[in-house]
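Here are my notes on the model you sent, set out as numbered points. Please read them with the coordinates open.

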Amino acid sequence: MNLQSMTGFARAVAEHHGTSIAWEVKSVNGKSVEVRLRLPQGFERLEPAVRQTLQKRFARGNFQATLTIGRAAGAQAQPVVNEAFLKDLAGLAKRLQEQFGVAPATADGLLSLRGVLDSPETVETEEARAALDTAIMAALDVALKGLEQARQNEGAALALLLSGQIDAIEALTLRAEADPSRETAAIRERIAEQVRLLMDASANLDASRLHMEAAFLATKADIREEIDRLKTHVASGRALLQGGGAVGRKLDFLAQEFNRESNTLCSKSNAAAVTAIGLELKAAVDQFREQVQNLE
């Protein structure tokens with residue numbers, strides 16, 4: 001399965017027996033599938049089916065779907081004039097004019113009165129309504145395919161970006177592993193120098209105890225475990241990107257693990273060079289996690 005971004009937009013139009021159908025769907029980042037619908041009056045019956053369709057098709061994102069329905073002129077019912085009521089109103093208006101001198105009634109004024117002009121809705125059979133609903137859902141399917149393609153296009157670009165960031169994390173990990181300050185001789189010399197300085201500062205220090213503490217600190221400062229875990233996380237990240245699908249949450253968790261290891265590496269480092277690499281690593285991990293937030 002291809003990776004998908006959580007942002008995208010698509011539009012689909014269709015026509016069914018004189019009725020125009022238009023869907024607009026868009027999505028942005030979200031922790032789960034959240035759907036907001038805008039349906040014309042009388043089409044609320046479609047809401048459960050539309051929600052279910054979106055929830056089955058996508059794993060994450062905030063979605064907004066808007067349906068627009070247009071009726072052809074020939075499909076509209078002709079307005080009906082209540083002529084008897086209109087005649088009574090016209091007679092009343094004429095008497096008021098003659099008795100009280102009010103302004104004469106106009107045709108548009110009389111027609112605007114409630115009960116004079118009626119525009120009945122077109123009566124649909126159950127079969128016709130079901131056929132229209134089927135056409136509307138088919139148009140929605142076309143729109144969702146377009147949205148899916150838009151999200152996949154952006155997902156492909158994100159995959160390239162994330163792959164490059166994983167490469168950067170791996171390169172920094174290997175730099176930390178190969179740094180000369182991690183060589184046994186360098187560590188021994190650095191600790192020995194610290195011990196000599198302490199012994200010179202105070203003759204009362206227990207030399208054997210001091211050497212034991214130095215050995216403990218040397219073991220504590222070893223970043224071998226962090227480097228091994230970073231390498232494992234790099235391999236996991238590449239596998240997730242290659243596998244595709246809705247891996248956004250897994251990659252977000254992996255970003256947290258990257259961040260934890262880079263923090264530990266910095267705190268355990270006993271050399272300025274490794275600390276500098278650790279800070280670069282933290283920046284690379286932050287960039288990785290920021291982009292992962294856009295992935296389904």
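1. Strand 2 (residues 19–28) pairs with strand 4 (residues 61–71) in the antiparallel sense, over ten bridges. Within strand 4, Gly-70 is the residue that stands opposite Ser-20. The model is a predicted one.

2. On strand 3 (residues 33–38), the pairing with strand 4 is parallel and is made by six bridges. Val-35 has Phe-63 of strand 4 as its bridge partner. The connection from strand 3 to strand 4 passes through helix 1 (residues 47–57), and this β-α-β crossover is left-handed. I would point this out to anyone reading the figure.

3. The sheet as a whole is open, with four strands in the order 1-2-4-3 and mixed pairing. Strand 1 (8–16) and strand 3 are at the edges; each has a single partner strand, so one side of each lacks a neighbour in the sheet. From one strand to the next, the twist averages 15°.

4. Turning to the surface, Leu-92, Leu-96, Phe-100 and Val-102 make a nonpolar patch of about 360 Å². Of these, Leu-92 lies in helix 2 (residues 83–100). Leu-92 is partly exposed, at a relative accessible area of 39%.

5. The structure holds 19 salt bridges. Side chains of opposite charge can pair when their charged atoms come close. One of the salt bridges joins Asp-228 to Arg-224, with the closest N and O atoms 2.9 Å apart. Both residues belong to helix 7 (residues 224–243) and are four residues apart, about one turn of the helix. Asp-228 is partly exposed, with a relative accessible area of 37%, and Arg-224 is partly exposed at 28%.

6. Which residue forms a salt bridge with Glu-226? The partner is Lys-268, and the closest N and O atoms are 3.2 Å apart. This pair links distant parts of the chain, since Glu-226 is in helix 7 and Lys-268 in helix 8 (residues 248–268), 42 residues apart. Both Glu-226 and Lys-268 are buried. The two also belong to a network of salt bridges that links them with Glu-225, Arg-229 and Glu-261.

7. A further salt bridge is formed by Asp-252 and Arg-289, whose closest N and O atoms are 3.4 Å apart. Asp-252 lies in helix 8 and Arg-289 in helix 9 (residues 272–292), so the pair ties together parts 37 residues apart in sequence. Asp-252 is buried, with a relative accessible area of 19%, whereas Arg-289 is partly exposed at 32%.

Note on methods: Residues numbered from 1 in each chain as written. Predicted model: local features only at pLDDT ≥ 70, side-chain atom pairs only at ≥ 80, totals over all residues. Heavy atoms only, no water. Patch = residues over 30% accessible without salt bridge, like charges linked within 9 Å, V, L, I, M, F, W, Y side chains within 5 Å. Areas by Shrake-Rupley, 256 points an atom, 1.4 Å probe, with all protein chains shown as cover. Salt bridge = Lys/Arg side-chain N within 4 Å of Asp/Glu carboxyl O. Helix = DSSP H or I, 4+ residues; strand = E, 2+ residues; numbered from the N terminus. Buried < 20%, exposed > 50% of the residue type's maximum accessible area, 1.4 Å probe, protein only. Pairing = 2+ DSSP bridges. Right-handed = clockwise from strand over helix to strand, strands pointing away. Axes fitted to C-alpha atoms, helices over the stretch in contact; angles between N-to-C directions.
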